[in-house]
Structure formats: C-alpha cells, structure tokens
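Trainee: I am new to this structure and should like to be guided through it by question and answer. May we begin once it is shown?

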Amino acid sequence: MSQEKIETIIELRGIINQFGKQRIHDGVNLDIHRGEVLGLVGGSGSGKSVLVNTILGLNTPWAGSVHFQGLDIPKLSPKQMLEIQKSWGVLFQHGALFSGLTVSENIQLPMVEHSKISSRLMKELADIKLKLVGLPIDAGAKFPSELSGGMIKRASLARALALDPLILFLDEPTAGLDPISAAAFDDLILFLKETLNLTVVIITHDLDSLVRICDRIAVLIDKNIIVGTMGELMKNKHPWIQDYFHGPRMRAAQDTNKREAL
Amino acid sequence: MAKTSKFIELQPDNNLLNVGIMGDWIMENASVLESLLTDLDIEIEQYDSIRMHCNGLENIDTSGAWMLYQKFSQYEERGLRASFEGFKDVHFKFIKTIQTLDKQPCPECMRDRSFYGAMERLGGLTVKGVSHLGEALGFYGRIAETFFRSIRSPSHMRISSIIRHVQEAGINALPIVAMMAFLIAIVLAYQGATQLQKFGAEIFTINLTAISVLREMGVLLTAILVAGRSGSSFAAEIGVMKLNDEVDALKTLGIDPFEVLVLPRIIALVIALPLMAFLANMFGLAGGALMSITVLDIPLNRYFDQILGAVSMNDFLVGMIKAPIFAFIIASVGTFRGMQVTGSAESVGRLTTIAVVQSIFLVILADAFFSILFAKMGI
Ligand SMILES: Nc1ncnc2c1ncn2[C@@H]1O[C@H](COP(=O)(O)OP(=O)(O)OP(=O)(O)O)[C@@H](O)[C@H]1O
Ligand SMILES: [Mg+2]
C-alpha cells in the first residue's frame, strides 16, 4: 500500500452539524483514502452515525462540504446521486433490513433495481454473498424477524455487498457478535479489502477489530476529529485518547494481535 | 469464427477454444457479461477443450468471479477440458474463495406440492382458523379480567393514559365530527324537502331529519369516522410497538400490556364516543335548523316546536345507547389486530386495514341488530 500513491476518495471540509442548540460537529475535516480501512471511534453520542449519514447525503450539514471523488455531494442532481450510491454499500447500526422481504430478497433488491442481470444469476449471487458473510443458505428464505441479532448483522452486510461496492460503510458491524464470529467478520473485511481493493469506513467499539483491521483511526472528540495510525494516536496527549488507547482492554487487544502476528 | 468484444476474445485452435478474458468483470457490466457467456455456450459445442486467458483481466468482483467460476465448472461437468491461466494473484485468491464457498453443502428446502401437501395445507388453514377464534376469545377474556382487576384496585387503572386517549381520539376529532353531522343533516333535509314538497308536507322534513339524525345517523357516522381515525391508529401504534419488541419489554418489566395498552384505549373510546355522538346530534339538529330557515321558510321557534312534537326522549336514548357499544367494538378490534402484528412492517399495514374494515362492518352489523331489536320492542 505504502508505495502506491494515496488517492483521496472522500473529502470532508469544515463540517458543522447541529440539532437545535446542540452542536455535534464543529468544523470537521477528514480525508478518506482509496483502499484503506478507516476506523471511526468516539464516545457514545459523539456523532459517529451522524457523520456517516452526512457523507451518505442522508443528513444535510449545517455548513461545510462533502466531496466524493471530486463531486460535491449535496449539490448533485438525483440522477448523479444514484450513480454514486451504486458504488456505496451501507450497513446500518440497526440492520435496517426490509421486514417484508426475505433475506435473499433483501440482498437481491439492489440488483433488481440497478442491474439487468437474469433472476437466476441474482439468486446465485445472493447465495454466494450469504456464504461469503457466513450465513447458512437456508437463512436466505427467512424473514428478518426470524433471525438472531448476529444473523441480522451478517444479512445486512450481505445486502451492503450486493452491488459489489467500491466503498463500504459499516456502523458497528461486530456489536452483538460472539468473539469468533467477530474475528471472522474482521477476516472477511480484510479479505475484501485485499482482493477487491475495497475502501471501508467502520464505526466500532470493538478494540480487537480496531487493532487488527484499521489502517488509520479517526477519533471524534470535542466535536472535532483527530486522525492517525494506531501508533500516532498512542502518543497523543489528549486525556480521552490516552484513556482510550492505554486502557486495560486496549492492552489486551494489542497483546492478542501481537501473539497472532508471531 | 472469432468473435471479439471489450470483455471476451475468441481464438479457435483446432479443437481448442482460446478465450481471452479482458477488462472489468464487475457488477456494472454484469448484464452484458451474462449475455456474452450465454453466447459462448453455443460457440463451445464445436470444441472439446477451452482455455481461459485472464492476463487482460483488470478488475473483478463477486459477480464477475462467480460467472467465470460457474461457467468453468459447467464446462468441466459437460466433459470439456477447461483451464484457466494468467490470473493475477489477488483475482485467483478470490476465485478460489468463491469455489470453496460453492462447495459448501446446501440443504435443499423443497415444498411438498403433492396431494398430501395440499391436504396438509388445508389442515393447516383449518387449524389456523380455529386458533384465530380461540385467540379472539382469549383476547376478550383478558380484557374482562384486566377490567375487573382494575376496578378492584384502581391503581391498575391508567388514568393519565385514558385521558390522553380521550384527548387524541375524542376531543381532537370534535371539529370534524361536528362538521360532518352538520353537512349530513343538510343533505337529508334537502332530499326530504324535495320529495315531501310533492305532498305539500314540507313541514315533515323536520321530523325526518331530526329522527334520522338522533336515532341513526349521528351515532353511526360518528362511529364510522372514529373507526377510520382511531381504530387504525390503535392498531398501528400497538403493532409498531410489537415489532420493536416493546410489548415484550413491558412483560419482562412486570407490566401487563393489556393494562397499559389495551384497556386505556378501550375505556377512553367508550367515554369519548358518546360525547362525540352527542355533539354530532346537536350539530345535526343545527344543520336541520339552517335548512328549515333558508329552504322551508320556517322560523326557528316553529322549528323547535315541531321537533319537540316529533321527537321523544326515546329517540335520543336509542341513538345514544349504541355509542358505547360501537366504541367498544372499534377499540377492541383495533387493539386486537394491533396485538396480532408479528414480523414485518407489511403486517402492520395489513392488520391496520383489517382493523378498520372489520370494525366498520361490525358496527353496521350491530346497528342492524339494534334496529330490529328496538322495532320488536316497539321503541
Ligand atoms: N435526528 C436527530 N435529532 C436530534 N438529535 C440527534 C439526531 N440524530 C442524532 N442526534 C444527536 O446527535 C448526537 C450524536 O448521535 P450519533 O447517533 O451520531 O451518536 P454515535 O456517536 O453514533 O453514538 P453510538 O456510538 O451510541 O451509536 C446524539 O447526542 C444524538 O442525541
Ligand atoms: Mg451510532
């Protein structure tokens, strides 16, 4: 990665978000590079989900600009927006599977809407995506209400992958997964990044994932963002960052990762 | 017969078909690729081996990898000698993964469509029908039980909740109810007047309007309006709470959902609907008055004399007695259907519709029953 030229695919400048009198972001700047896994961390309620929604165009910022591959997101026509949205995959914090459709139909829905391939191929691709995220094939025929919490996460990831996006936004993908599945999830993200050159923005409270898969980490703190690699952030003097990156859980996570690397 | 395109290049070599795979094999091009591969199926018949050259392949994703892999295994199955070459490492790794995933066992879940299958489904429907009946009985039983429990210990009566629903289902709907009754009375009076004029009996228009408003129209139309307005919102509110597991959450907190969700709505509507019906009656009479002054040229004092002569207390009571019963029908059907919601957002929509249609139907049925009953009793 390091020898390749760094290409910025998403650029946030001076983002201000405000709900009523409560200001969430106060001039956030952030560059997301192609092919990286960027971790987004911060305390609960620090505005991680809101920031991702801002990038996705679901939330119009009070001030500031969002550029995706040089295009100014809030100023795009609906048609241009649609073109861009096809190259995004989103896993929402609460899954957001369509409750009236089976899992397999959920995965096929973006294909039905945006591509002209035959329905047989759609079905096959949906199956392969189910397997890719580690769901049994018979889960495809189930409705979201019949799934466990962890299965919902996987099914939503499969849907996010439906159109083979360039960039994947994951809002707490491993929350609610058992440690083995969470590790498998990390493996999958690494695999996709490596083979498909996927860019991934991942909101997570899972320190193991953070250590294992993230190239850089963005910390949302005091309504602003501090970005760096794990090593850089460890040296940062901000008390919250100190607590976060030197807490006992973080040490444990790093130890595991080191042991695995050996 | 060498064919070329942006993605595929065919170069026959005796019995061997060389296929150059090029460009971006990604989702965006998937439909083109699919039809190219279908064409290849026909082409391949004349050869006994195929070699895919992937040096020119630039990008690949799940859809491209799957199509390539699947063609490859299809040809192998047909007894062709198939081979790949020139893959980039990452692409090869990806195809490999697809292959391992595909080899995973896949349980076949077939539906039995035979005669026995049909019988089984018929039996299933019967059981479902019977259990629905049981469910409804159970629901009304629970309402009764919760009601008597609340009466014995009033702390179980959710007064603030009842007040909120009286406000939402009743007070907020008063303007539309008044308006509707006023207009209906005008319609009735107008139609009555044109017919009765032929006999020179215009004055009886007043009797007609007053009696039909007080006995039937006021309460019936109010009930239908409330069924559409509150029956649907009861079903949808409770339905969404069920979807979000809020109803289960109440149970685990030791709070009876019937006590906090169902009973307050029923009691509130039983209180509100009679008030609304009363208002509807008054505005209906006002509508009649307006018509008699403007169309029939009968002054207000003669209008009231006529009404007092024509209408007895019984007519008023016959109308009003129906109001709480209609209210009970609407509220219980709405909450019952709401509690039946499971699974999907679609089921909220479906059961809300059922709640409205069914409560209107039952209200009209009950009204017909009352008409016959009162006629037999001679009231
Ligand atoms: N639509 C909204 N209206 C008003 N306030 C909102 C809205 N959405 C989010 N907020 C507020 O913005 C803040 C940030 O919310 P956000 O959902 O981004 O938190 P988060 O960082 O994702 O937290 P968590 O890790 O718990 O998911 C919160 O204080 C929340 O109350
Ligand atoms: Mg969040």
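**The two chains and their parts**

Mentor: The accessible surface of chain A comes to about 12,100 Å², with areas taken from the Shrake-Rupley method using a 1.4 Å probe and, for residues, only the protein chains shown counted as cover; carbon and sulfur atoms hold 55% of the surface of chain A. This is a predicted model, in which local features need pLDDT of at least 70 and side-chain atom pairs count only at pLDDT 80 or more, while totals for chains, interfaces and linings use all residues. Residues are numbered from 1 along each chain as its sequence is written, chains are lettered from A and ligands numbered from 1 in the order in which they are written, and side-chain values use heavy atoms, leaving out hydrogens and water.

Trainee: What percentage of the residues in chain A is buried?

Mentor: Buried means under 20% relative accessible area, exposed means over 50%, and partly exposed lies in between (1.4 Å probe, protein chains only). Chain A has 10 helices and 10 strands, where helices (H or I, at least four residues) and strands (E, at least two) are DSSP runs numbered from the N terminus. Of the 262 residues in chain A, the buried portion is 53%.

Trainee: How many helices and strands does chain B have?

Mentor: Chain B has 379 residues, of which 44% are buried. Its accessible surface comes to about 19,800 Å², and 64% of that belongs to carbon and sulfur atoms. The elements of chain B are 12 helices and 6 strands.

Trainee: In chain B, what share of the contacts with a separation of 6 or more joins residues 24 or more positions apart?

Mentor: Contact means heavy atoms within 4.5 Å. In chain A, residues 24 or more positions apart account for 64% of the contacts with a separation of 6 or more. For chain B, the corresponding share is 80%.

Trainee: Which residues of helix 3 of chain B are buried?

Mentor: Helix 3 of chain B covers residues 89-103, and its 15 residues should span 21 Å at 1.5 Å a residue, which agrees with the 21 Å between its end C-alpha atoms; the expected span is 1.5 Å times one less than the number of residues. On the other side of this helix from its buried residues, D89(B), T100(B) and K103(B) are exposed. The buried residues are H91(B), F94(B), I95(B), I98(B) and L101(B).

Trainee: Why are the buried residues on the same side of helix 3 of chain B, and what arc do they cover?

Mentor: The buried residues in question are H91(B), F94(B), I95(B), I98(B) and L101(B). They lie on the same side of helix 3 of chain B because the arc they cover around the axis, taken from the directions from the helix axis to the C-beta atoms, is only 120°.

Trainee: Which residues does I98(B) contact, leaving aside its neighbours within four places in sequence?

Mentor: I98(B) is in helix 3 of chain B and, at 1% relative accessibility, counts as buried. I98(B) and T62(B) are 36 residues apart in sequence, and their C-alpha atoms are 8.0 Å apart in space. The contacts of I98(B) are I128(A), T62(B), A65(B), W66(B) and Y69(B).

Trainee: How many of the 12 residues of helix 5 of chain A are buried?

Mentor: The buried residues of helix 5 of chain A include G150(A), K153(A) and R154(A). What covers the buried residues of this helix includes strand 6 (88-91), helix 3 (103-114), helix 4, strand 7 and helix 6 of chain A. The helix is largely enclosed by the rest of the structure, because the number of its residues that are buried is 9.

Trainee: How far is a backbone N or O atom of G45(A) from an oxygen atom of ligand 1?

Mentor: A residue is near a molecule if one of its heavy atoms lies within 4 Å of it. Of the 14 residues around ligand 1, G45(A), G47(A), K48(A), S49(A) and V50(A) come nearest. For G45(A), the distance from a backbone N or O atom to an oxygen atom of ligand 1 is 2.9 Å.

Trainee: Is E172(A) buried or exposed?

Mentor: The place of E172(A) is in the loop between strand 7 (167-171) and helix 6 of chain A. Phi of E172(A) is near 50°, a positive value in a residue other than glycine. With a relative accessible area of 13%, E172(A) is buried.

Conventions:
Polar contact = N/O pair within 3.5 Å; in protein donor to acceptor, adjacent residues only side chain to side chain.
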